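Here are a few exercises to work through with the model open in your viewer. Try each one before you read the solution.

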Amino acid sequence: MFLVGLTGGISSGKSTVSSMLRELGCPIIDADVVARKVVEPRTPAYSRIVAHFGSDVLLENGEIDRKKLGQIIFVDEEKRRLLNAITHPEIQKAMLKQILFYFIRGYRYVVLDVPLLFETRRLTQFLNHTVVVYCDPATQLSRLMQRDGLTQEEAEQRLAAQMPLNEKRGLANHVIENSGSREDTHRQVLRLHTKLEDSMDFLLVRVVAVVATAGLGGILMYATKILLS
C-alpha cells in the first residue's frame, strides 16, 4: 500500500474530488475530520486544551468552540504553537491507526485529504503521489463569494491568507483541473484512479514492510501498541 496526498484551496473543489474518489472505493483519511475527533470531550488533547486555554473556549455542551479557539490563535503566535503541539501528535497518531487498518486490509493505496499539505510539509516525505485540485483565480473567488455570502473584498482577504493554488499546482505530481463542469472533473478523477490502481508502488512498499517486520520485530510491536492504544 502507498499513500496519496490530496489537497487544494478554499472553494477549489477538493471536497468534491475526495467524494468522487470515495465513491470509486478509495479509502479516504480526512485530516479535518481527524482533527475534530481528537479534541472531542474526554480525549487527552481536549483536557490539555482546556487546561491551557481555559473554559472560555468551550461551548455550552462542553465541546471545543473551534471558532473562538481559532480567533485566539490567529492573533497569538505563541498560543498557535501551543495548540499545534497539543493536537498534531494526536492527529498523526489517529491517522497512523487508520493507515495501518487499511494496510492490513490489503488496499493498494490510501488517500490523505489534507488542506495544508504543502504549507506544513509534515507528511509529504511519506507520500508517493500528491494531487492538487485546481481552479482558476476568478472561478475560485466567485465560488467563495457565493458559498459563504462574502463581499469581493472579504473573499479576496481569505484567499490572500492561503498559499496560492498556482504555487500548490507546481508542487504536485497530479493536477485535477476543476474550473469547468462536474462531468469534466469526474473524467479526470477516473483517469487518476486508474493510474493509481495500475501503479506498482504498492508492491515495493509491501516488500519493504515484510522485510522490516521479519527483521525488526519491534516495528510490529509498536504498530500493535498504536492500534490498541
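**Exercise 1.** Leaving aside its neighbours within four places in sequence, which residues is Ser18 in contact with?

First, the ground rules: this is a predicted model, where local features need pLDDT of at least 70, side-chain atom pairs count only at pLDDT 80 or more, and totals for chains, interfaces and linings use all residues. Residues are numbered from 1 along each chain as its sequence is written, and side-chain values use heavy atoms, with hydrogens and water left out.

*Solution.*
- Find Ser18 in helix α1, residues 14-23; helices (H or I, at least four residues) and strands (E, at least two) are DSSP runs, numbered from the N terminus.
- Look for contacts, meaning heavy atoms within 4.5 Å. With those sequence neighbours set aside, you get Leu6, Ile28 and Asp113.
- Now zoom in on Asp113: its side chain makes a polar contact with the side chain of Ser18 at 3.2 Å. (A polar contact is a pair of N or O atoms within 3.5 Å; within protein, one must be able to donate a hydrogen and the other to accept it, and residues adjacent in sequence count only if both atoms are side-chain atoms.)
- Check the exposure: Ser18 has a relative accessible area of 3%, so it counts as buried (under 20%; exposed is over 50%, partly exposed in between; 1.4 Å probe, protein chains only).

**Exercise 2.** Work out which strands pair with β3, and how covered β3 is.

*Solution.*
- Strands pair if DSSP finds at least two bridges between them.
- β1 and β3 run parallel, joined by five bridges; Phe2 has Tyr109 as its bridge partner in β3.
- On to β2 (residues 28-30), which is parallel to β3 and joined to it by three bridges. Here Ile29 sits opposite Leu112.
- Five of the five β3 residues are buried, so the strand is largely enclosed by the rest of the structure.
- Split by side, Tyr109, Val111 and Asp113 point one way, and Val110 and Leu112 the other.

**Exercise 3.** Find the residues that touch the most other members of the largest nonpolar core.

*Solution.*
- A nonpolar core is a set of buried Ala, Val, Leu, Ile, Met, Phe, Trp, Tyr and Cys residues joined through side-chain atoms within 4.5 Å.
- The largest one has 34 residues, and Ile29, Ile49 and Leu112 touch the most other members.
- Helix α5 gives the most to this core, with six residues.
- Beyond four places in sequence, Ile49 touches residues including Val39, Leu69 and Ile86.
- Finally, a second, separate core of 16 residues includes Leu6 and Val17.
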